[in-house]
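Q: Could you take a close look with me at how helices pack against each other in this model? I am in my first year, so please go step by step.

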Amino acid sequence: MCQTSSSYPPPPPPHSLSIYSLFDALSNWNITRYTFIYIEINIGGARLILRTKLRNKLIMQYSQLSTRICIPHAVSLQPKTTWNRPKFNNEKSTVGHCTRVPRNTNMEKLQSGYLFPEICMREFEHSQKYPQAGLIRLGVGDTTEPIPDIITSAMAEHAHALSTVQGYRGYGAEQGNTALRKAIAETFYRDVGVKANEVFVSDGAQSDISRLQMLMGPNVSVAVQDPSFPGYIDSSVIVGQAGMFQDENGKYENIVYMKCGHENNFFPDLSTTSRTDVIFFCSPNNPTGYAASRQQLQQLVEFAKANGSIIVYDSAYATYISDESPKSIFEIPGAKEVAIEVSSFSKFAGFTGVRLGWTVVPEELLYLNGFPVIKDYNRIVCTCFNGASSVAQAGGLACLSKDGYRALSAVVDYYMGNAGIIADAFASLGLKVYGGKNAPYVWVHFPGMSSWDIFSEILEKTHIVTVPGRGFGPGGEEYIRVSAFGQRERILEASRRLKNLYK
């Protein structure tokens, strides 16, 4: 640990320092500049982060940090001083030079790691423990079926043209290829009047969510569905919209959590929902798989209008909707005055690795002072982004051709067939199953159980990776999310394993 101010009193000598005396010493310091002090210790190879907060509140938290080697009995160092001491346990390095740059305090508020890398880490550890188990991955929602040839051929042709004088192109428009913007508007928004210039092509919905957070800034209040995709909350914390994390309820201060469970038909009770500047809303929802009805979205738009709020509507799974549920927020009258829509080629075109998405910012959407939001978003895009890959955009155009879209619809149907198999497997065990009808996710309820315990039990006994619902917010406790992305034979095998586990 390092200090960046010589105004602090020196710590006790290393040879007399214990954990308890270190805390006593810290508690006697008059610390006014920093919110936290971190001490790192290495106990039997496990890295332990001890975080002491102002007013002497101590929080102990295990961490899998691997960014640096921890020093046993770490002490704070005065500027331009070092502590030479013997190596412990064949230690190869020590804490190096510390700059005078403080860590972003918003990053300090984030809890542990991001959900999906954590799932991948546990998946890797399990595969190392059981290398012959035949692990089935139904956790992270990554597509598995090959991209149709008509689409990859278009990308290959474009890539090859870049090797010719006639076909080479450098930078493109930051907002996206004009032909692709027009194709998106005509394919997905023909009946709702979205114009091509309101479509901003990007490298994916998750990147756009972060750009929208940059657009809104730290001084807005936000509401999220509970449960919901963790990127909304984490980006809100990083940009400075959230307060401290509350261990007692698993929520961040200053963020409104809109309960969306089976008891309220996966739609928030807006009569009791506090007013916020921004409302993040995903339909079909990740993780529950529920698609909001037209009536529900009408209520949401009216709520936003009455409160002067902006809805950030995530429609990344809209192509999976099979009933009469709206596929765009702009199907609702008045939505252009209160909503931004974010969407993606990732899940319906298999572009999770290719990276291509879009955001629609209507010209009618205005700030409090009457300034058009689209102008500020255009500035954000031009400042922070050089445009999506031209190869990816060529693929996007092929996706929206008549033959390309037909081929992709067949892949969507394939995944939804998988969802039906998974849902039937859990339902046959007497469990309540939601989702799997308008989205490639099945949301399974295990009453009274910890979602992480369910995740661990299924992984250990069946070698199937799922996602604990708690990772999507406190409203996800007692649930797991099961992805339908997978090859059919693996889905059928997963069904057999699950039925044998709980029969």
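A: Here is a walk through the chain as a whole and then through two pairs of packed helices. Keep in mind that this is a predicted model.

Let's begin with the setting. The chain has 503 residues, and 50% of them count as buried. Its secondary structure comes to 14 helices and 18 strands. Among contacts with a separation of 6 or more, 69% join residues 24 or more positions apart.

Now for the helices. Two packed helices are described by the angle between their axes and the distance between those axes. Take α4, residues 149–161, and α11, residues 390–399: they pack at an angle of about 145°, and their axes are 8 Å apart. The crossing of this pair is right-handed. On the α4 side you will find Ile150, Ile151, Ala154, Met155, His158 and Ala159, and these meet residues of α11 that include Val391, Ala394, Gly395 and Cys399. By class, the residues of this contact are 10 nonpolar and 3 polar, with no charged ones.

Next, turn to α13, residues 451–462, and α14, residues 488–502. Here the angle is about 105° and the axes are 10 Å apart. The two helices are therefore roughly perpendicular to each other, because angles from 65 to 115 degrees count that way. Glu457, Ile458, Lys461 and Thr462 of α13 meet Arg497, Leu498, Leu501 and Tyr502 of α14. This contact divides into 4 nonpolar, 1 polar and 3 charged residues.

To see the two pairs side by side, recall that the contact of α4 with α11 has no charged residues, whereas the contact of α13 with α14 has 3.

Methods
Residues are numbered from 1 along each chain as its sequence is written. This is a predicted model: local features need pLDDT of at least 70, side-chain atom pairs count only at pLDDT 80 or more; totals for chains, interfaces and linings use all residues. Side-chain values use heavy atoms; hydrogens and water are left out. Helices (H or I, at least four residues) and strands (E, at least two) are DSSP runs, numbered from the N terminus. Buried means under 20% relative accessible area, exposed over 50%, partly exposed in between (1.4 Å probe, protein chains only). Contact means heavy atoms within 4.5 Å. Axes are lines fitted to C-alpha atoms, for helices over the stretch in contact, and angles run from 0 to 180 degrees between N-to-C directions. A crossing is left-handed if the near helix is turned anticlockwise from the far one by less than a right angle, and right-handed if clockwise. Ala, Val, Leu, Ile, Met, Phe, Trp, Tyr, Cys and Pro count as nonpolar, Asp, Glu, Lys and Arg as charged, and the others, Gly among them, as polar. Angles under 35 degrees count as roughly parallel, over 145 as roughly antiparallel, 65 to 115 as roughly perpendicular and the rest as oblique.
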